[in-house]
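Trainee: I would like to go through this model and ask what stands behind each label.
Mentor: Good. Let us look at it together.

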Amino acid sequence: MITVVEDYIGKYHIAKDEYTEENLDQYIKDNEKKYMRCLLGDSLYVEWIGDLLPTSIDVPQLPQQQRFLDLLNGGITYQDSYKKTVLYEGVRSMLLGFVYSEFLPDNWSRHTVTGNAKSNRDVSELTTPNQTVIQAEKRFNDSIDYYEAAQQYIRRSTDIFPEYQNNTVTIKRRFTFAGI
C-alpha cells in the first residue's frame, strides 16, 4: 500500500478509532489497487507491484526504481502538447483523494447490532449525508485532476515506461446537484 491509515490527515482527514481503522485499511487496499490498475494498465501495473518493497502494515510501500519513485512523488517537469512546461505532482494525492471519497460516504454511519448509528457529540454539529457526499465528491474530482496529470506524464514518458500500452481507463467526474 502506498498510503496507510495515518496518512489521512489535513485535507484528507478521516477520524480514526478502533472501529474505523481496520475498515479504512481495507478501503486503502481495495481502492489503491483499483485506481492504480486503471491508471497504469495491466502490463505497467504488474511492473509497479513487482517493484514495491514489502513493509509492515503501518509503513507505506515504496517503489525501488527511480521511474516509479518519480511517478509516486512527482516533482518532475515535462512538456505538454502545447509545449508548456508542466510540473507533475505525483500519484500520492490522487490515491489519498480517491480512497477518501470512497470511504467517507460509506462510513457516515456505523452499522451496529442494533441498527445504523451516527456519532453524537455534545460540542459539534453533525453533517448530513448530503454534505458528506458533497465533500467526498469534491475530493474525488480533485483526484481526477491528479489522475489526468499522471496519465499525461506516463504518455509523454514512454521511454521511461516502455510497458505502457495506452490502455488506461478514463474516470469520469462526479457531479452533485447540491450546489458545488
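Trainee: What is the handedness of the crossing of α1 and α3?
Mentor: The crossing of α1 and α3 is right-handed. Bear in mind that this is a predicted model.

Trainee: Why is α1 called oblique to α3?
Mentor: Helix α1 (residues 20-51) and helix α3 (residues 92-106) pack at about 130 degrees, their axes 9 Å apart. Roughly perpendicular runs from 65 to 115 degrees, and roughly antiparallel needs over 145. An angle of about 130 degrees fits neither class, so α1 is oblique to α3.

Trainee: Which residues make that contact?
Mentor: From α1, they include Tyr27, Ile28, Tyr35 and Leu39. From α3, they include Leu95, Phe98, Val99 and Phe103. By class, the contact of α1 with α3 has 11 nonpolar, 3 polar and 4 charged residues.

Trainee: What makes α1 roughly perpendicular to α2?
Mentor: The axes of α1 and α2 cross at roughly 105 degrees and come within 10 Å. The window for roughly perpendicular is 65 to 115 degrees, so α1 and α2 fall inside it. In this contact, Leu40, Leu44, Glu47, Trp48 and Asp51 of α1 meet Arg67, Phe68, Leu71 and Leu72 of α2. The contact of α1 with α2 holds 6 nonpolar, no polar and 3 charged residues.

Trainee: How do you know that tyrosine 27 is buried?
Mentor: Buried means under 20% relative accessible area. Tyrosine 27 has 17%, so tyrosine 27 is buried. Tyrosine 27 sits in helix α1. Setting aside residues up to four places away in sequence, tyrosine 27 touches Glu32, Val99, Glu102, Phe103, Asp106 and Asn107.

Trainee: How many residues separate tyrosine 27 and phenylalanine 103 in sequence, and what is their C-alpha to C-alpha spacing?
Mentor: They are 76 residues apart in sequence and 6.6 Å apart in space, C-alpha to C-alpha.

Trainee: Why is lysine 83 called exposed?
Mentor: Exposed means over 50%. Lysine 83 has a relative accessible area of 68%, so lysine 83 is exposed. Lysine 83 lies in the loop between β1 and β2 (85-88). Its phi is near 65 degrees, a positive value in a residue other than glycine.

Trainee: Where is there a glycine with positive phi?
Mentor: Glycine 74 follows α2, and its phi is near 70 degrees.

Trainee: Why is arginine 174 called partly exposed?
Mentor: Partly exposed lies between the 20% and 50% limits. Arginine 174 has 29%, so arginine 174 is partly exposed. Arginine 174 lies in the segment after α4. Beyond its neighbours within four places in sequence, arginine 174 is in contact with Tyr35, Ser101, Glu102, Glu137, Phe140 and Asn141. Arginine 174 and lysine 138 are 36 residues apart in sequence and 8.3 Å apart in space, C-alpha to C-alpha.

Trainee: Which residues have the most contacts inside the largest nonpolar core?
Mentor: Trp48, Leu71 and Val91 do, in a core of 45 residues. The elements giving two or more residues to this core are α1, α2 (66-73), β1 (76-79), α3 and α4 (129-155). The largest share, 11 residues, comes from α1.

Trainee: What does leucine 71 contact?
Mentor: Leaving aside neighbours within four places in sequence, leucine 71 contacts Leu40, Trp48, Tyr88, Gly90, Val91, Tyr153, Ile154 and Phe161. Leu71 is also one of the buried residues of α2, with Arg67, Phe68, Asp70 and Leu72.

Note on methods
Residues numbered from 1 in each chain as written. Predicted model: local features only at pLDDT ≥ 70, side-chain atom pairs only at ≥ 80, totals over all residues. Heavy atoms only, no water. Axes fitted to C-alpha atoms, helices over the stretch in contact; angles between N-to-C directions. Helix = DSSP H or I, 4+ residues; strand = E, 2+ residues; numbered from the N terminus. Parallel < 35°, antiparallel > 145°, perpendicular 65-115°, else oblique. Left-handed = near helix turned anticlockwise from the far one by under 90°. Contact = heavy atoms within 4.5 Å. Nonpolar A, V, L, I, M, F, W, Y, C, P; charged D, E, K, R; others polar. Core = buried A, V, L, I, M, F, W, Y, C linked by side-chain atoms within 4.5 Å. Buried < 20%, exposed > 50% of the residue type's maximum accessible area, 1.4 Å probe, protein only.
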